[in-house]
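Work through the exercises below with the sequence and the model open beside you. Try each task before reading its solution.

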Amino acid sequence: IDDHKGIFATFRAFRHEEENPDKSARHALGHEIVKLLTVHTSVEDSLLYPLVRRRLKDGEKIADRSIAEHTQIEQCLSELDNIQPQSPLFPEKLYAVMQLVDKHVDDEEHSVLPALKQALSPAESVALGTAMEQYSKVVPHHPPALQTASVSAKETKATLAKTTADPPSLNRAVDARK
């Protein structure tokens with residue numbers, strides 16, 4: 001959950017820089033968001049969701065759905081990582097990515113994580129948190145190349161087209177996560 005808060009705080013900072021004529025801070029924040037999300041999805045896919053599979057009722061289904069959402073997010077991040085932050089496409093794609101993330105995080109924080117917390121002992125919860133923190137230091141900080149992602153660029157574009165990048169509603173959702 002702390003990772004989620006950090007990601008949304010960085011996105012709020014990115015939004016705050018929209019009016020700043022010096023785009024260097026926005027450039028750095030955009031790439032920081034890509035890095036944070038890339039690390040986060042990799043850590044969860046490697047450590048959290050295998051545990052969800054083993055310990056939760058319907059764990060296979062939950063993990064498969066969440067990993068598929070991560071794959072969509074990673075595909076979008078890969079595309080975003082190749083767009084110059086000064087391009088008008090950059091904030092549009094970033095808003096679309098953050099909408100996918102917001103939906104995913106909402107499900108994770110209100111459903112998956114509470115169920116997993118009940119299924120684990122306090123010692124297991126601490127061990128999982130420690131392992132996730134350590135693993136986040138060694139995973140790649142850039143999204144996988146487009147050609148290696150398991151979701152095609154065509155599918156991602158279709159997803160992004162369906163995801164209405166409505167900054168006001170996304171802004172409300174992000175601000176609510178403070």
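The exercises that follow go from the fold to a helix, an aromatic cluster and the empty spaces.

The model is predicted, so local features need pLDDT of at least 70 and side-chain atom pairs count only at pLDDT 80 or more, while totals for chains, interfaces and linings use all residues. Residues are numbered from 1 along each chain as its sequence is written, and side-chain values use heavy atoms, with hydrogens and water left out.

**Exercise 1. The fold**

Find how many helices and strands the chain has, and what share of its residues is buried.

Solution. Step 1: helices (H or I, at least four residues) and strands (E, at least two) are DSSP runs, numbered from the N terminus. Step 2: with this rule the chain has seven helices and zero strands. Its pattern along the sequence is α-α-α-α-α-α-α. Step 3: a residue is buried under 20% relative accessible area, exposed over 50% and partly exposed in between (1.4 Å probe, protein chains only). Of the 178 residues, 44% count as buried.

**Exercise 2. Helix α2 and the loop after it**

Compare the span of α2 with the expected one, locate its kink, and describe Asp 58.

Solution. Step 1: the expected span of a helix is 1.5 Å times one less than its number of residues. Helix α2 covers residues 24-55, 32 residues in total. From first to last C-alpha it reaches 45 Å, close to the expected 46 Å. Step 2: the bend at a residue is the angle between axes fitted to the seven residues ending there and the seven starting there. In α2 there is a kink of about 40°, centred on Asp 45. Step 3: His 27 also belongs to α2, and at 32% relative accessibility His 27 is partly exposed. Its C-alpha is separated by 9.6 Å from that of Glu 17, 10 residues apart along the chain. Step 4: Asp 58 sits in the loop between α2 and α3. Asp 58 is not a glycine, yet has a positive phi of about 60°. With 49% relative accessibility, Asp 58 counts as partly exposed.

**Exercise 3. The aromatic cluster**

Classify the pairs Phe 11 with Phe 14 and Phe 14 with Phe 90.

Solution. Step 1: a pair of aromatic rings is described by the distance of the centres and the angle of the planes. Rings of Phe, Tyr and Trp (its six-membered ring) pair if their centres lie within 6.5 Å; planes under 30 degrees apart are stacked, over 60 edge-to-face, and the rest tilted. Step 2: the whole structure holds three aromatic pairs. In one of them, Phe 11 and Phe 14 are 6.4 Å apart centre to centre with 15° between the planes, a stacked pair. Step 3: these two residues are three apart in helix α1, about one helical turn. Phe 11 is buried at 0% relative accessibility, and Phe 14 is buried at 1%. Step 4: the ring centres of Phe 14 and Phe 90 are 6.1 Å apart and the planes stand at 50°, so this pair is tilted. Phe 14 is in α1 and Phe 90 in α4, so the pair ties together parts 76 residues apart in sequence. Phe 90 is buried as well, at 0%. Step 5: Phe 11, Phe 14, Phe 90 and Tyr 95 form one aromatic cluster.

**Exercise 4. Empty space**

Describe the largest pocket and the largest cavity.

Solution. Step 1: on a 1 Å grid over the protein atoms alone, a cavity is a set of points where a 1.4 Å probe fits but cannot get out, and a pocket is an open set with protein on both sides within 12 Å along at least five of seven lines; lining residues have an atom within 4 Å of a point. Grid points are joined across faces, edges and corners, and a volume is the space filled by probe spheres set on the points. Step 2: the largest pocket has a volume of about 760 Å³. Its lining has 26 residues, of which Ile 1, Asp 2, Asp 3, Gly 129 and Met 132 are the closest to the centre. Helix α2 gives the most to this lining, seven residues. Step 3: the structure holds one cavity of 30 Å³ or more, and the largest cavity has a volume of about 40 Å³. Among the residues lining this cavity are His 40, His 70 and His 104.
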